[in-house]
Amino acid sequence: MEGNSREQQARKYLEKYRIMELLNLLTSHLLFYQPNKPREYLISLLERLRIAKITGVAFPFFMDHTNIVSMFEMMDSGRKGSISFVQYKRALENLGLSTKEEDLKDDGNGITLDKFKDEVSRRVQEIWSAF
């Protein structure tokens, strides 16, 4: 019983401080940039995160506007102007901006480029600002 309680406490702690999201984003940065000195890079990234939070400047994110558009266009191979909800959910998971357990609602309309960009930007801002 005590082990289960300890496990629940650990899970609550990780959720409260969004530790898994932070680790996912840090890992994504490492894999995207593949710096020669990963420890120093992570320290620098966390320092930039701290400065961004204090000053209100943009949070560091490895994907800029053109990368997000390119990602959307790869998923929209038929050039319909929208992607499926399944593609959208999978993209958010791959970017570390959602978990498989998150209950996203499908309105049945498909996801447009504007909605995709807005949601990625909103989620990045939300996750970084939590730290």
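Me: Is His-29 buried or exposed?
Reply: His-29 is buried in this predicted model. Its relative accessible area is 1%, and because buried means under 20%, His-29 falls in that class.

Me: Where does His-29 sit, in which helix?
Reply: His-29 belongs to helix α2.

Me: And which side chain does His-29 make a polar contact with?
Reply: The side chain of Tyr-41, at 3.1 Å.

Me: OK, packing next. Which residues have the most contacts inside the largest nonpolar core?
Reply: Ile-83, Tyr-88, Leu-97, Phe-116 and Val-120, in a core of 18 residues.

Me: Which elements give two or more residues to this core?
Reply: Helices α4 (65–75), α5 (85–94) and α6 (113–129) do.

Me: What about the other core, how many residues does it have?
Reply: That one has 5 residues and lies apart from the largest core. Among its members are Leu-26, Tyr-41, Leu-45 and Leu-49. Tyr-41 is also the residue in the polar contact with His-29.

Me: Back to Tyr-88. What does it touch, leaving out residues up to four places away in sequence?
Reply: Tyr-88 touches Ile-83, Leu-104, Ile-111, Phe-116, Glu-119 and Arg-123. Of these, Ile-83 and Phe-116 are listed with Tyr-88 among the residues with the most contacts inside the largest core.

Me: Now the surface. Which residues form the nonpolar patch?
Reply: Tyr-13, Leu-14, Tyr-17, Met-20 and Leu-23, with about 480 Å² of accessible area together.

Me: Which elements give two or more residues to that patch?
Reply: α1 (2–16) and α2 (19–33). Tyr-13, for one, is in helix α1. Helix α2 is also where His-29 is placed.

Methods
Residues are numbered from 1 along each chain as its sequence is written. This is a predicted model: local features need pLDDT of at least 70, side-chain atom pairs count only at pLDDT 80 or more; totals for chains, interfaces and linings use all residues. Side-chain values use heavy atoms; hydrogens and water are left out. Patches are made of residues with over 30% relative accessible area and no salt bridge: like charges are joined within 9 Å, nonpolar side chains (Val, Leu, Ile, Met, Phe, Trp, Tyr) within 5 Å. Accessible areas come from the Shrake-Rupley method with a 1.4 Å probe; for residues, only the protein chains shown count as cover. A salt bridge is a side-chain nitrogen of Lys or Arg within 4 Å of a carboxyl oxygen of Asp or Glu. Helices (H or I, at least four residues) and strands (E, at least two) are DSSP runs, numbered from the N terminus. A nonpolar core is a set of buried Ala, Val, Leu, Ile, Met, Phe, Trp, Tyr and Cys residues joined through side-chain atoms within 4.5 Å. Buried means under 20% relative accessible area, exposed over 50%, partly exposed in between (1.4 Å probe, protein chains only). Contact means heavy atoms within 4.5 Å. A polar contact is a pair of N or O atoms within 3.5 Å; within protein, one must be able to donate a hydrogen and the other to accept it, and residues adjacent in sequence count only if both atoms are side-chain atoms.
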